[in-house]
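Reader: I have just opened this one and would like to go through it slowly. Could you walk me around it?

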Amino acid sequence: MKNTALKVLAVFVFVFLAIQFIKLDKTNPNTDKSKEIVASAEVKNILKNSCFDCHSNDTKWPWYASIAPVSWVVTEHVDSARKWVNFSEWESYDEAKKLKLRKLIYREVALAMPLRMYVMAHPNAALSQADKESIRNWTAVKASDVSMRD
Ligand code: HEC
């Protein structure tokens, strides 16, 4: 019995160590600073504080992003977040794309962003009511133009 438990443990340790060698892409692509979002200092600070770790090319990778399998989740989040909205490339989006994204942002500051998992590790990134208002004012979107259903 004891032997089986030890074997199981050994397998876990082996797998845990082995997965550490899987290579992940945790780079911050170089972008032309002129493409970075232009907004008031207030709005930019909120975005930097609460959104940039996933939605920009200036990700501050946390230590746990180096430990598999958590690292897989973190890199997946950053990859997919950058594909949706990348504030480092915002000024290269055309007006139609910006409008579509401003509507989504209007919605997401109330529904799901920043991701809850992230806020647990970064309590200071939680949006206050005032932060949400500032972001919403910046989007210049009318509530009636946005579907708040999930
Ligand atoms: C921990 C990483 C993380 C942070 C921080 C974060 N996001 Fe996201 N965001 C994501 C991921 C991952 C997706 C893609 C979700 C999906 O695939 O459904 C996403 C998607 C979005 C989308 C578009 C898609 C949708 O679901 O409507 C918007 C808009 C958005 N985020 C806005 C923000 C804003 C604004 C902030 C800051 C207040 C923020 N996010 C902070 C990870 C993050």
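Author: Gladly, and please keep in mind that this is a predicted model. A good place to begin is Lys35, which, leaving aside its neighbours within four places in sequence, is in contact with Phe87, Ser88, Glu89, Trp90, Glu91 and Ser92.

Reader: Where is Lys35 found?

Author: Lys35 lies in the loop between α1, which covers residues 2–19, and α2.

Reader: And how far apart are Lys35 and Glu89, in sequence and in space?

Author: In sequence Lys35 and Glu89 are 54 residues apart, while in space their C-alpha atoms are 4.8 Å apart.

Reader: Is Lys35 buried, exposed or partly exposed, and why?

Author: Lys35 has a relative accessible area of 32%, so it counts as partly exposed, given that buried means under 20% and exposed means over 50%.

Reader: You listed Trp90 among the contacts of Lys35. What else does Trp90 touch?

Author: Not counting residues up to four places away in sequence, Trp90 touches Lys35, Ile37, Val85, Lys98, Leu101, Arg102, Ile105 and Trp138. Trp90 is also one of the residues with the most contacts inside the largest nonpolar core, along with Ile37, Leu47, Phe87, Ile105, Ile135 and Trp138.

Reader: How many residues does that largest nonpolar core have, and which helices each supply at least two of them?

Author: The core has 16 residues, and α2 (41–50), α5 and α7 (129–139) each supply at least two of them. There is also a second, separate core of 5 residues, which includes Cys54, Ala65, Val74 and Ala81. As a general point, nonpolar side chains in soluble globular proteins tend to be buried together.

Reader: Changing topic, I see a ligand with an iron atom. Which residues coordinate the iron?

Author: The iron atom of the ligand is coordinated by His55 through NE2 and by Met113 through SD, at 2.0 to 2.3 Å. The site has 6 donor atoms with angles of 83 to 178° among them, and its geometry is octahedral.

Reader: Where do His55 and Met113 sit along the chain?

Author: They come from distant parts of the chain, 58 residues apart: His55 is in helix α3 (residues 52–55), whereas Met113 is in the loop between α5 (95–111) and α6 (116–121).

Reader: Which of the two is buried, and which is partly exposed?

Author: His55 counts as buried because its relative accessibility is 13%, whereas Met113, with a relative accessible area of 33%, is partly exposed.

Reader: Now the charged side chains. How many salt bridges does the structure hold?

Author: The structure holds 8 salt bridges. In one of them Glu91 pairs with Lys98, and the closest N and O atoms are 3.0 Å apart. Lys98 also meets Glu95 in a salt bridge, at 3.8 Å from N to O.

Reader: How are Glu95 and Lys98 placed in helix α5?

Author: They are 3 residues apart in helix α5, which means that about one helical turn separates them.

Reader: How accessible are Glu91, Glu95 and Lys98?

Author: Lys98 is buried, at 10% relative accessibility, while Glu91 is partly exposed at 29% and Glu95 is exposed at 54%.

Reader: What about Lys142 and Asp145?

Author: Their side chains meet in a salt bridge too, at 4.0 Å from N to O. Lys142 counts as exposed, with 53% relative accessibility, and Asp145 as partly exposed, with 41%. Elsewhere, salt bridges that share partners join Lys33, Glu36, Lys44, Lys48 and Asp58 into one network.

Note on methods: Residues numbered from 1 in each chain as written. Predicted model: local features only at pLDDT ≥ 70, side-chain atom pairs only at ≥ 80, totals over all residues. Heavy atoms only, no water. Donors = N, O, S within 2.8 Å, 3.2 Å for Na, K, Ca; no water. Tetrahedral: all angles 85-135°; square planar, octahedral: opposite > 155°, others 65-115°. Helix = DSSP H or I, 4+ residues; strand = E, 2+ residues; numbered from the N terminus. Buried < 20%, exposed > 50% of the residue type's maximum accessible area, 1.4 Å probe, protein only. Core = buried A, V, L, I, M, F, W, Y, C linked by side-chain atoms within 4.5 Å. Contact = heavy atoms within 4.5 Å.
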